[in-house]
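Good morning, everyone, and thank you for making time for this. Please have a look at the picture before I begin, and then we will go through a few of its parts together.

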Amino acid sequence: MVYNFNLGIGWASSGVEYAQAYRAKVLREIGKEAKFIFTDMFPRDNIQHMAENIGFLDKEVIWLYVFFTDCRTSPVTYTLKQLEKTFASQKFTATKEGTTMKYTFPGANIYYVAYLANNDAKENRVHRVEMVSNGCLIRKDYYTYCRIYSEYYAPLDNKAHLYQRRFFNEDGTVAYEEITDNDKVMYQFPNRLICSKEELVGYLVSCLNLTPRDVVLIDRTTGIGQAIMQNAGQAQIGIVIHADHFSEGSTDEEHILWNNYYEYAFSQHKHISFYITSTDTQNHLLKQQFEKYAKISPEIITIPVGSIDKAKHPRKPRKKHSLITASRLADEKHVDWLIEAFAKAREQVPDISLDIYGKGGEEAKLKKLIEEKKCSSCIRLCGQQNLDEIYQGYEAYLSGSTSEGFGLTLMEAVGSGLPIIGFDVRYGNQNFIDDGKNGYLIAVHGKMERQERIERLAECIVRLFTEADLQAFHTHSYKIAQRYLTEEVKQKWNKLL
């Protein structure tokens with residue numbers, strides 16, 4: 001069995017979760033059974049819906065908190081009618097308000113608010129129910145096909161204070177309880193008391209009864225790495241590296257500053273069977289640094305975090321002068337630079353267009369910037385979508401990121417023959433862009449100001465659409481994509497496992 005550990009997942013997941021989804025597909029196809037274990041709390045959504053959205057199967061997903069019950073990973077199927085039956089003979093009035101149903105009980109100073117699954121007003125499936133008594137939130141019940149857990153609240157400092165969670169088995173019996181006081185937490189089981197979430201993760205790992213035939217892959221170690229390693233027994237442990245692993249500005253000939261996400265895993269190299277990088281460039285660099293700064297030579301393997309089943313060619317002509325970018329709408333992706341560069345390039349190429357795919361915290365800010373640049377007619381915020389059959393409709397891909405461990409969207413873009421414009425930074429852009437052959441790598445230096453970056457991006461957009469042989473660029477991107485065919489990646493996983 002291959003056990004994969006991560007923290008969270010969401011509707012706008014990061015590249016780590018998408019990398020895991022690609023891995024799940026490859027492991028399925030080579031006949032290796034795998035589980036993907038997530039350890040964050042998900043009070044707003046059902047984990048199954050978010051996991052299914054990016055390609056996981058229900059049987060592959062383990063949620064830390066439900067692991068200790070007999071409930072299975074499931075979509076929400078619990079209905080409003082089932083909920084109403086629990087009211088017994090009480091009289092009630094139901095009022096639908098958008099994606100919620102409010103229940104009031106005549107003569108009782110209490111009401112319930114049922115939140116519908118996936119915030120869909122057309123659904124009658126219940127994700128959670130909040131109970132309010134005398135104006136105070138006292139309880140929340142969470143459902144899939146049954147009630148999986150409840151949260152209990154009491155008023156404190158004029159706020160609802162969470163003090164307890166109960167996790168249930170299918171038949172409604174209590175499997176265990178969580179007692180919480182701000183950042184302090186305890187878990188009470190019938191036969192043990194666990195005094196931290198980290199210890200709870202360790203207990204889960206110990207319950208897996210791992211053997212030398214099992215492989216544990218840790219995609220994120222923050223808050224869980226030590227507990228996993230201490231309880232993994234004789235299983236093989238691998239660390240998957242998803243980002244740049246060190247700070248170049250804080251590294252000299254004597255000392256290296258590792259990325260804090262990987263520092264612990266690097267310090268525990270004696271207990272790590274192998275490290276996985278996405279590119280040979282990062283692999284070679286990390287090997288050199290381990291030898292230079294730590295005098296060790298651990299096993300480091302290159303396996304791309306994604307793969308392409310086959311090259312995708314457009315069924316109709318690509319939209320002329322069209323650009324696409326896809327990422328979380330987060331500050332570090334610098335989508336605002338792309339918008340400003342686009343507006344500047346539009347002065348020379350008036351018919352260009354840009355579609356931006358993804359969701360994130362910067363969305364409102366980006367929308368405002370598009371309006372300020374008077375580009376609402378030619379820049380679209382397209383939200384989170386499955387891009388499998390979308391890339392090939394565009395002529396080129398834009399990247400504003402200044403650091404990518406791999407860049408799944410870059411791989412997907414070249415798989416549809418798109419040239420790419422991006423900065424000459426490790427590792428993704430350098431991996432997928434051959435400067436002048438399938439796009440442009442923009443040279444950067446430490447003191448390069450924001451405006452200069454925007455100007456260089458704009459110049460490359462203009463150059464691409466006025467000087468480049470786009471057909472030759474498309475052909476070269478397809479050539480690069482051949483390195484990342486699924487069959488190649490399968491062979492790498494088979495060899496490792």
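Let me start with a question: against which elements do the buried residues of α11 pack? Before I answer, please keep in mind that what you see is a predicted model. The buried residues of α11 pack against α1, β21 (396–398), β22 (420–423), α12 (428–432) and α14 (470–481). In α11 itself, the buried residues are Leu408, Leu410, Met411, Ala413, Val414 and Gly415, and because 6 of its 8 residues are buried, α11 is largely enclosed by the rest of the structure. After this helix comes Gly417, which has a positive phi, near 80°.

One of those partners, α1, deserves a closer look. Helix α1 covers residues 15–29, and its 15 residues reach 21 Å from the first C-alpha to the last, which is close to the 21 Å expected at 1.5 Å a residue. Among its buried residues are Val16, Ala19, Tyr22, Arg23 and Leu27, and the buried residues of α1 pack against β1 (2–6), β2 (34–38), β14 (215–218), β15 (236–240), α11 (408–415) and α15 (486–496). Here, too, a glycine follows the helix, namely Gly31, with a positive phi near 75°.

Several of those strands belong to an open sheet of 7 strands, in the order β3-β2-β1-β14-β15-β16-β17, with parallel pairing. Since β3 (61–63) and β17 (300–302) stand at the edges with a single partner strand each, one side of each is left without a neighbour in the sheet. On average, and ignoring direction, neighbouring strands of this sheet are turned by 25° against each other.

At the β17 edge, 3 bridges join β16 (residues 274–277) to β17, and these two strands run parallel; Ile276 has Ile301 in β17 as its bridge partner. Helix α8 (residues 280–294) packs on the sheet, where it touches β16 and β17, and its direction makes about 170° with that of β17. Helix α15 also packs on the sheet, touching β14, β16 and β17, with a direction that makes about 175° with that of β16.

Finally, how many cavities of 30 Å³ or more are there? The count comes to 3, and the largest cavity has a volume of about 70 Å³. That cavity is lined by 13 residues, of which Ala19, Arg23, Pro304, Val305 and Trp493 lie nearest its centre. The elements that give two or more residues to this lining are α1 and α15, and α1 gives the most, with 4 residues.

Terms used: Residues are numbered from 1 along each chain as its sequence is written. This is a predicted model: local features need pLDDT of at least 70, side-chain atom pairs count only at pLDDT 80 or more; totals for chains, interfaces and linings use all residues. Side-chain values use heavy atoms; hydrogens and water are left out. The expected span of a helix is 1.5 Å times one less than its number of residues. Buried means under 20% relative accessible area, exposed over 50%, partly exposed in between (1.4 Å probe, protein chains only). Contact means heavy atoms within 4.5 Å. Two strands pair if DSSP finds at least two bridges between them. Axes are lines fitted to C-alpha atoms, for helices over the stretch in contact, and angles run from 0 to 180 degrees between N-to-C directions. On a 1 Å grid over the protein atoms alone, a cavity is a set of points where a 1.4 Å probe fits but cannot get out, and a pocket is an open set with protein on both sides within 12 Å along at least five of seven lines; lining residues have an atom within 4 Å of a point. Grid points are joined across faces, edges and corners, and a volume is the space filled by probe spheres set on the points.
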